[in-house]
Amino acid sequence: MAPSLLILGVFVIFPIFRSLYYSFFDWTVGASTEPFVGFGNYLKLFHDHQFWNALGVTLEFTIVSVVLLLVFGFLSALALQGEGIATRIVRSIFFFPTIVSLVTIGLVWKFLLDPDIGLVGGLTAALGLPSIGWLQSTTLALPTVIFVSVWKSVGFAMILFVAGLKGVPGERYEAAQLDGAGRWATVWSITIPSIRPTLLFTSMILTIQSFQVFDLVYVMTGGGPVFHTDSLVNLLYRDGFVDYQTGYASAISWVLFAIIMLISLVQLRLFRYNDVD
């Protein structure tokens with residue numbers, strides 16, 4: 001295990017704690033000195049309107065995308081949990097975008113939605129409808145990025161739910177049928193309680209991924225227009241790798257870590273279950 005542990009320590013563990021160290025310094029790349037500022041970088045965040053804007057955008061993106069992914073992923077799994085050839089093909093089609101790079105997905109959709117040369121713009125023009133700047137509108141840019149994110153990841157959520165549904169004991173459904181329960185009553189009373197571990201795992205994974213959204217934002221909008229799609233990781237990248245404010249960017253990363261940890265603990269509380277049930 002020594003080689004693997006060495007690689008993990010050098011490329012993961014050491015950088016994590018090094019970033020924590022940087023967050024307590026006014027560390028700027030190229031500066032002659034790096035003065036110790038204690039919690040100064042963290043206090044600075046509370047007065048940074050760009051941080052609060054990015055936090056609001058990230059929360060909105062996470063809440064909307066995770067809810068949509070859980071709903072559509074679960075419904076897709078219910079409809080496609082069979083083992084027929086046609087069902088497998090449709091499942092594969094749903095899952096295919098998941099294995100494609102986020103950068104590739106972002107670039108493709110950016111060109112598709114371009115109001116001048118995009119396919120979507122061409123279709124609206126052919127129908128006599130006005131051209132829409134999906135990614136240029138302060139109102140539509142964030143919902144558009146959320147739509148692309150959900151479109152890409154719904155297959156991932158579906159596969160997790162399919163695996164969870166296959167683990168539900170068949171006798172529970174038989175008992176529900178004997179009691180005269182309808183399909184949706186069975187789903188609500190039998191299926192959902194039986195897949196709580198899957199719901200917990202899926203919601204936590206999707207939440208962590210959504211809070212770390214960067215690729216789609218960077219490729220499709222760059223955080224615009226007027227910072228309306230500026231996520232926390234996009235802000236972190238700009239401060240750390242464009243403005244070279246390493247200490248401040250490190251503080252943002254640890255605040256993001258604390259937020260994700262807090263929300264994960266809340267999810268564990270909400271989805272807790274008793275193995276005896």
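The paragraphs below lead through this predicted model, from its confidence to its cores and then to one buried residue.

Residues are numbered from 1 along each chain as its sequence is written. Because the model is predicted, local features need pLDDT of at least 70 and side-chain atom pairs count only at pLDDT 80 or more, while totals for chains, interfaces and linings use all residues, and side-chain values use heavy atoms, with hydrogens and water left out.

The average pLDDT (the predictor's confidence in each residue, from 0 to 100) is 90 for the protein, and 98% of the residues score at least 70. Among the helices (DSSP runs of H or I, at least four residues, numbered from the N terminus), α3, residues 49-79, has the highest confidence, with a mean of 95, whereas α8, residues 170-178, has the lowest, at 83.

A nonpolar core is a set of buried Ala, Val, Leu, Ile, Met, Phe, Trp, Tyr and Cys residues joined through side-chain atoms within 4.5 Å, where buried means under 20% relative accessible area, determined with a 1.4 Å probe on protein chains only. The largest such core has 33 residues, and Phe74, Phe161, Ile195 and Met220 have the most contacts inside it. At least two of its residues come from each of α3, α5, α7, α10 and α11, and α7 gives the most, with eleven. A second, separate core has 19 residues, including Phe51 and Ile259.

Threonine 229 lies in the loop between α11 and α12, and it counts as buried because its relative accessibility is 0%. Leaving aside residues up to four places away in sequence, Threonine 229 is in contact (heavy atoms within 4.5 Å) with Val57, Ala141, Leu142, Val217, Thr221, Gly223 and Gly224.

Conventions
Buried < 20%, exposed > 50% of the residue type's maximum accessible area, 1.4 Å probe, protein only.
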